[in-house]
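Me: I've got this structure open and I keep tripping over the labels people put on things. Can we go through them one at a time, with the reasoning spelled out?

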Amino acid sequence: TGHHWGYGKEDGPSAWHRQYPVAKGNRQSPIDIIPNEARRDSTLGPIFLKYDQCRSLNIANNGHSVVVEFDDSDDRSVVLGGPLDNPYRLKQFHFHWGGKGCEGSEHTVAGVGYASELHVVHWNAVKYKTYNDAAAAPDGLAVLGIFLELGDDHRWLHMITDALYMVKFKGSATDFKGFNPKCLLPSSLHYWTYLGSLTTPPLHESVTWIVLKEPIVVSEKQVSAAALNIIHKTFPTV
Ligand SMILES: N/C(=N\S(N)(=O)=O)N1CCCC1
Ligand SMILES: [Zn+2]
């Protein structure tokens with residue numbers, strides 16, 4: 001039905017401002033992170049990821065990414081510390097895959113992109129009643145960004161890529177229980193942080209970004225399987 005945003009020439013990022021004027025805002029993400037220009041903030045402590053009680057629910061293809069959603073009906077799984085004034089509830093994670101040979105990461109580091117980027121989305125349930133309220137508030141979301149670089153197979157990523165054929169088409173979803181995103185974390189939680197936005201429409205300027213310095217390593221086979229498996233279209237109806 002209605003003209004939807006995408007990543008093509010006519011509907012891509014340069015056109016998003018027509019339907020989402022905040023695209024021309026002053027805290028839009030992604031950004032190029034320049035380590036030499038990043039300011040060390042001694043008031044910032046470490047971040048803590050309390051994911052042991054997390055409950056994954058399903059994996060879905062929303063036409064732009066594959067998303068794994070979590071039960072966010074209580075504070076069972078939260079991120080806290082670092083730049084955050086209170087715990088933020090784990091809501092979902094998703095990937096921005098590249099295609100064959102093209103870098104899929106949204107953030108870059110000193111102009112260099114990575115093969116893919118994992119986003120773990122959390123919301124401020126202390127201050128806001130619903131995720132949607134939080135998603136539109138300046139301190140509503142905290143998104144953990146993790147770069148994926150090419151190398152050996154990642155021992156746990158297959159649990160995601162094996163499930164992708166089940167959600168091949170836009171709008172498809174399937175049960176996905178018992179997955180804990182802590183298996184997708186690098187060894188160090190050292191981070192850069194800045195106040196930014198959602199990187200796709202509605203582009204709300206509601207995200208405290210926490211981007212980990214250390215990438216995780218995945219294989220080309222795993223990324224290309226993922227990129228190839230996701231079809232950003234609905235099932236071809238006759
Ligand atoms: N753009 C987004 N997250 S992101 N890429 O900024 O982390 N979202 C759009 C709706 C739900 C999350
Ligand atoms: Zn994202």
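Reply: Sure. A class label to begin with: Ala, Val, Leu, Ile, Met, Phe, Trp, Tyr, Cys and Pro count as nonpolar, Asp, Glu, Lys and Arg as charged, and the others, Gly among them, as polar. Bear in mind that this is a predicted model.

Me: What makes the shell around ligand 1 up, by class?

Reply: Four nonpolar, six polar and one charged residues. The residues around ligand 1 are Gln92, His94, His96, Glu106, His119, Tyr131, Val143, Leu198, Thr199, Thr200 and Trp209. Glu counts as charged, while Tyr, Val, Leu and Trp go with the nonpolar ones. Strand E6 (residues 88-96) gives the most to this shell, with three residues.

Me: Why is the approach of Thr199 to ligand 1 called a polar contact?

Reply: The cut-off for a pair of N or O atoms is 3.5 Å. An N or O atom in the side chain of Thr199 is 2.8 Å from a nitrogen atom of ligand 1, so the pair is within the limit. Thr200 also has a side-chain N or O atom 2.8 Å from a nitrogen atom of the ligand. For His96, a polar side-chain atom lies 3.3 Å from a nitrogen atom of ligand 1, and that passes within 3.5 Å too. As for cover, the protein hides 83% of the 330 Å² of accessible area that ligand 1 has on its own.

Me: How do you know which residues coordinate the zinc ion (ligand 2)?

Reply: For zinc, a donor is an N, O or S atom within 2.8 Å of the metal. His94 (NE2), His96 (NE2) and His119 (ND1) coordinate the zinc ion (ligand 2) at 2.0 Å, so these atoms qualify. Along the chain the donors follow the spacing H-x1-H-x22-H. His96 sits in strand E6 and His119 in strand E8, so this pair ties together parts that are 23 residues apart in sequence.

Me: And why is the site of the zinc ion (ligand 2) called tetrahedral?

Reply: Four donors earn that name if all angles lie between 85 and 135 degrees. The four donor atoms here make angles of 97 to 115 degrees, so the label fits. For reference, the ideal angle for four tetrahedral donors is 109.5 degrees.

Me: What makes His96 and His119 count as buried or exposed?

Reply: Buried means under 20% relative accessible area. His96 has 9%, so it counts as buried. His119 has 2%, so the verdict is buried as well.

Me: Why does Ala110 count as buried or exposed?

Reply: Exposed means over 50%, and Ala110 has 51% relative accessibility, so it counts as exposed. Ala110 is in the loop between strand E7 (108-109) and strand E8 (116-123). Its phi is positive, about 50 degrees, although it is not a glycine.

Me: Leu203 has a positive phi too. What makes Leu203 buried or exposed?

Reply: Leu203 has 2% relative accessibility, under the 20% cut-off, so it is buried. Its phi is about 60 degrees, and it belongs to the loop between E11 and E12.

Me: How do you know what kind of peptide bond joins Pro201 and Pro202?

Reply: Look at omega: it is about 10 degrees, and the bond is cis. Pro202 lies in the loop between strand E11 (191-196) and strand E12 (207-212). Ser29 and Pro30 are also joined by a cis peptide bond, with omega about 0 degrees.

Terms used: Residues numbered from 1 in each chain as written. Chains lettered and ligands numbered in written order. Predicted model: local features only at pLDDT ≥ 70, side-chain atom pairs only at ≥ 80, totals over all residues. Heavy atoms only, no water. Near = heavy atom within 4 Å. Polar contact = N/O pair within 3.5 Å; in protein donor to acceptor, adjacent residues only side chain to side chain. Areas by Shrake-Rupley, 256 points an atom, 1.4 Å probe, with all protein chains shown as cover. Helix = DSSP H or I, 4+ residues; strand = E, 2+ residues; numbered from the N terminus. Buried < 20%, exposed > 50% of the residue type's maximum accessible area, 1.4 Å probe, protein only. Donors = N, O, S within 2.8 Å, 3.2 Å for Na, K, Ca; no water. Tetrahedral: all angles 85-135°; square planar, octahedral: opposite > 155°, others 65-115°.
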